[in-house]
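Dear colleague,

Please find below the sequence and structure that I am handing over to you. My findings follow directly after them.

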Amino acid sequence: MNPMVGFAVKAARRAGDIINRAAENIEQLKIQHKTKNDLVSEVDHAAEAEIINSLQKTYPDHAFLAEESGRIGESDYEWIIDPLDGTTNFLHGFPVYAVSIALAYKKQLQVAVVYDPCRNDLFTASRGAGAYLNEKRIRVSKRDKLIDCLIGTGFPFKANSDVDSYGEMFKSLALKTAGIRRPGAAALDLANVAAGRLDGFWEIGLSPWDMAAGALLIKEAGGLVGDLDGEPQYMDSGKIVAGNPKIFAQLLSTLRPHVRNLKN
Ligand code: IPD
Ligand code: CA
Ligand code: CA
């Protein structure tokens, strides 16, 4: 195993322990509203501090981009961290959330770890070496007709979101697929595409820490990831489409007519 994956796994499991302990007493947690519908708890902060401290011990010169701390340091090596993806689910005791850690070198994703502490599912990947779930190789699904596919998504929920255009996209896809799911943790949704549990995924309005690890997992599992034009700028735009290579183009062509109506 790439040693960097090993250190990321160690950090993710430590964060997972913090999250699991806190899940036993959710009512007692201090919660803040970052903006309307966007919550952060002391668990998000504690898990993030644990991940950064743990990685900094091994890689003191690396930079970090973490959801709660922002950017720390400058380096060609940047760890991109979502300490608790699916905070709203977590705070409701809805057991769909994950820790997401990725490493980029000169902006190119090298290492990915997504850890689901509820199921003890560990997704890992490193560039060129494949993707794994609990140390077993995973691959994207083989379905080739959209009508047979289960597609994941995330609903827009922040003020000023493109709810109308999203609604049009949703309607087009809902009628053309076997079903659409909104589990509530984008990093885990993407990991589930890598594992073939979902055939595809799309969301608009994500941040780099929601996508980085999941995107590398999908690529290493043989899938495709892009923005709404299929281009690689999804980390900048926050608009992501992913899927197995047989349905990726079908997903894009179904979504594309609604892209021009997007406000953001
Ligand atoms: C959120 C989750 C959710 C997605 C949101 C994200 P957070 O992350 O990934 O599924 O729809 O856009 O912000 O805030 O729980 O880390
Ligand atoms: Ca997130
Ligand atoms: Ca988060």
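Which residues coordinate the calcium ion (ligand 2)? Before the reply, please note that this is a predicted model. The donors to the calcium ion (ligand 2) are Asp82 (OD), Asp85 (OD) and Asp210 (OD), at 2.1 to 2.3 Å. Along the sequence, these donor residues follow the spacing D-x2-D-x124-D. Distant parts of the chain are linked here, since Asp82 belongs to strand 5 and Asp210 to helix 6 (residues 208–220), 128 residues apart. Both Asp82 and Asp210 are buried.

The second ion to describe is the calcium ion (ligand 3). Its protein donors are Glu67 (OE), Asp82 (OD) and Leu84 (O), which lie 2.2 to 2.4 Å from the ion. The spacing of these donor residues in sequence is E-x14-D-x1-L. Glu67 sits in the loop between strand 3 (63–66) and strand 4 (70–72), while Leu84 is in strand 5 (residues 77–85), so this pair ties together parts that are 17 residues apart in sequence. As to accessibility, Glu67 has a relative accessible area of 21% and is therefore partly exposed, the cut-off for buried being under 20%. Leu84, with a relative accessible area of 2%, is buried.

How far apart are the calcium ion (ligand 3) and the calcium ion (ligand 2), and which residue coordinates both? The distance between the two ions is 3.8 Å, and Asp82 bridges them.

Turning to the helices, the axes of helix 1 (residues 3–23) and helix 2 (residues 42–58) come within 9 Å of each other and cross at roughly 155°. Because angles over 145 degrees count as roughly antiparallel, helix 1 and helix 2 are roughly antiparallel to each other. Their crossing is right-handed. On the side of helix 1, the contact is made by Phe7, Ala8, Ala11, Arg14, Ala15, Ile18, Ile19 and Ala22. Helix 2 contributes Val43, Ala46, Ala47, Glu50, Ile51, Ser54, Leu55 and Thr58. Of the residues in this contact, 12 are nonpolar, two are polar and two are charged.

One further residue may be of interest. Ser165 is placed in helix 4 (residues 163–174). Is Ser165 buried or exposed? Its relative accessibility is 3%, so Ser165 counts as buried. Leaving aside residues up to four places away in sequence, Ser165 touches His258, Asn261 and Leu262.

With kind regards

How values were computed: Residues are numbered from 1 along each chain as its sequence is written. Chains are lettered from A and ligands numbered from 1 in the order in which they are written. This is a predicted model: local features need pLDDT of at least 70, side-chain atom pairs count only at pLDDT 80 or more; totals for chains, interfaces and linings use all residues. Side-chain values use heavy atoms; hydrogens and water are left out. Donors are N, O and S atoms within 2.8 Å of the metal (3.2 Å for Na, K and Ca); water is not among the atoms, so sites may look incomplete. Helices (H or I, at least four residues) and strands (E, at least two) are DSSP runs, numbered from the N terminus. Buried means under 20% relative accessible area, exposed over 50%, partly exposed in between (1.4 Å probe, protein chains only). Axes are lines fitted to C-alpha atoms, for helices over the stretch in contact, and angles run from 0 to 180 degrees between N-to-C directions. Angles under 35 degrees count as roughly parallel, over 145 as roughly antiparallel, 65 to 115 as roughly perpendicular and the rest as oblique. A crossing is left-handed if the near helix is turned anticlockwise from the far one by less than a right angle, and right-handed if clockwise. Contact means heavy atoms within 4.5 Å. Ala, Val, Leu, Ile, Met, Phe, Trp, Tyr, Cys and Pro count as nonpolar, Asp, Glu, Lys and Arg as charged, and the others, Gly among them, as polar.
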